[in-house]
Amino acid sequence: MEIEPITPHLGAQIQGFDLRDISNGRAEHLKDMFVEHRVLVFRDQKLDRDAHKSVGRVFGQLHVHPSKKAFEMKGDPEIFKVRAQADTVKVNGGRWHMDVSCEENPPAGSILRLLKLPPHGGDTVFCDMTRAFETLSAPVQHMLLELEACHDGERDLRWYGLTPNPDQTYPSWTHPVVVAHPLTGKPVLFVNEGFTEEIADMSYDESRSILDMLFAHIARAPGLQCRVTWEPGTVVMWDNRAVQHFAVHDYAPHERLGERVTIVGQGPPMAWKPELLEV
Ligand code: SIN
């Protein structure tokens with residue numbers, strides 16, 4: 001097996017690891033690589049849906065996306081489909097986000113495989129939220145440590161032009177703006193353009209200005225990011241507690257179709273305290 005970092009900070013491409021074989025020692029190895037690199041790109045995989053779900057279960061229970069309940073979607077509840085067709089205007093995940101951060105207990109990670117690739121393009125870009133926090137100035141870091149923000153699923157829906165029916169609800173939850181990664185204790189900037197609606201206890205204008213500054217910091221810094229180009233047989237998994245991602249829609253009118261398995265988180269994100277770094 002070969003582990004080739006994608007950048008010195010984020011992501012690794014793994015060659016020679018068949019994800020259909022996740023017997024005990026290999027499962028532990030997989031979990032270690034996941035925590036270390038946070039974005040893992042496996043090439044030449046031959047997963048079917050059941051094997052895909054088995055890989056997800058190495059990390060925990062499988063998550064059911066709230067849209068399955070809000071829109072009474074049919075199909076396997078543990079499979080979230082990403083689909084872009086010729087006339088799709090906004091693709092799943094087509095702006096910076098962490099998956100379903102609007103839940104009390106946001107997912108720990110996601111694993112995506114594509115069933116249909118466009119001839120070119122359709123990359124996924126990831127951004128390291130620990131480095132995003134660490135590259136802010138000290139005064140801004142200190143201000144953020146005091147703050148909480150509301151993550152609202154309906155913000156995400158509005159972007160796609162969707163609204164739940166009046167009798168249906170979509171999650172909304174308030175989380176600290178800087179959280180501790182549950183396994184490493186490292187700080188993670190925990191606001192994202194997809195779901196974070198407002199910072200608590202502030203005027204609308206103050207909240208908007210701070211969020212816009214942070215969203216721009218994430219979007220404008222290629223040095224915090226890694227970019228993954230898909231090939232037939234590629235499977236990508238990302239640590240949803242550590243990175244944000246962006247699905248690049250540069251391939252219309254071609255189609256792109258994938259299935260994502262998402263892993264339930266270990267509990268609500270906890271505020272990061274500077275002393276956690278020394279532990
Ligand atoms: C997503 O999970 O947000 C979609 C990522 C992708 O389609 O590349």
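This report walks through the ligand site, the cavities and a few notable residues of a predicted model.

## Around the ligand

Let's start with the ligand and its neighbours. The shell around the ligand is made of Val82, Asn92, Gly93, His97, Asp99, Leu112, Thr124, Trp238, His245, Ala247, Arg256 and Arg260. By residue type, that shell splits into 4 nonpolar, 5 polar and 3 charged. Strand 14 (243-247) and strand 15 (256-263) each put in at least two residues.

Three side chains in the shell have polar atoms to look at on screen. In threonine 124, a side-chain N or O atom is 2.6 Å from a ligand oxygen. Histidine 97 has a polar side-chain atom 2.9 Å from an oxygen atom of the ligand, and for histidine 245 the distance from a polar side-chain atom to a ligand oxygen is 3.0 Å. On its own the ligand would expose 260 Å², and the protein buries 99% of that.

## Two cavities

The model has 2 cavities of 30 Å³ or more. The largest has a volume of about 50 Å³, and its lining consists of Val82, Arg83, Ala84, Val91, Asn92, Ala247, Tyr251 and Arg256. Strand 4 (residues 80-84) gives the most to this lining, with 3 residues. In terms of chemistry, the lining of the largest cavity comes out at 5 nonpolar, 1 polar and 2 charged. Some of these names should ring a bell: Val82, Asn92, Ala247 and Arg256 are lining residues here and also belong to the ligand shell.

The second largest cavity comes in at about 40 Å³. Lining this one are His63, His65, Lys68, Pro77, Glu78, Ile79, Phe80, Arg260, Val261 and Thr262. Here strand 15 is the top contributor, with 3 residues. The mix is 4 nonpolar, 3 polar and 3 charged. Arg260 lines this second cavity and is part of the shell around the ligand as well.

## Arginine 43 and its partners

Next, have a look at arginine 43, whose side chain shows up in two polar contacts. One is with the side chain of glutamine 13, at 2.9 Å. Glutamine 13 sits in strand 2 (residues 12-15), and it counts as buried because its relative accessibility is 17%, under the 20% cut-off.

The other contact, at 2.8 Å, is with the side chain of threonine 234. Threonine 234 belongs to the loop between strand 12 (225-228) and strand 13 (235-239). Despite being a loop residue, threonine 234 is buried, with a relative accessibility of 2%. The side chain of threonine 234 also reaches a backbone atom, the oxygen of glutamate 231, at 2.9 Å.

## Backbone oddities

Most residues other than glycine have a negative phi, and most peptide bonds are trans. A few spots in this model go the other way. Between alanine 252 and proline 253 the peptide bond is cis, with omega at about 10°. Proline 253 is in the loop between strand 14 and strand 15, and those two strands each give at least two residues to the ligand shell.

Two non-glycine residues have a positive phi. For arginine 38 the value is about 70°, and for aspartate 44 phi is near 55°. Arginine 38 is found in the loop between helix 1 (24-37) and strand 3 (39-42), while aspartate 44 lies in the loop between strand 3 and helix 2 (49-59).

Are these two residues buried or exposed? Arginine 38 is buried, at 13% relative accessible area. Aspartate 44 counts as exposed because its relative accessibility is 54%, which is over the 50% limit.

## A loop residue in between

Finally, there's threonine 184, found in the loop between strand 9 (178-180) and strand 10 (187-189). Threonine 184 has a relative accessible area of 37%, so it is classed as partly exposed. Pair it with leucine 162 and you get a separation of 22 residues in sequence and 37 Å in space, going from C-alpha to C-alpha.

Conventions. Residues numbered from 1 in each chain as written. Predicted model: local features only at pLDDT ≥ 70, side-chain atom pairs only at ≥ 80, totals over all residues. Heavy atoms only, no water. Near = heavy atom within 4 Å. Polar contact = N/O pair within 3.5 Å; in protein donor to acceptor, adjacent residues only side chain to side chain. Areas by Shrake-Rupley, 256 points an atom, 1.4 Å probe, with all protein chains shown as cover. Helix = DSSP H or I, 4+ residues; strand = E, 2+ residues; numbered from the N terminus. Nonpolar A, V, L, I, M, F, W, Y, C, P; charged D, E, K, R; others polar. 1 Å grid on protein atoms, 1.4 Å probe; cavity = no way out; pocket = protein on both sides within 12 Å on 5 of 7 lines; lining within 4 Å. Points joined across faces, edges and corners; volume = space filled by probe spheres on them. Buried < 20%, exposed > 50% of the residue type's maximum accessible area, 1.4 Å probe, protein only.
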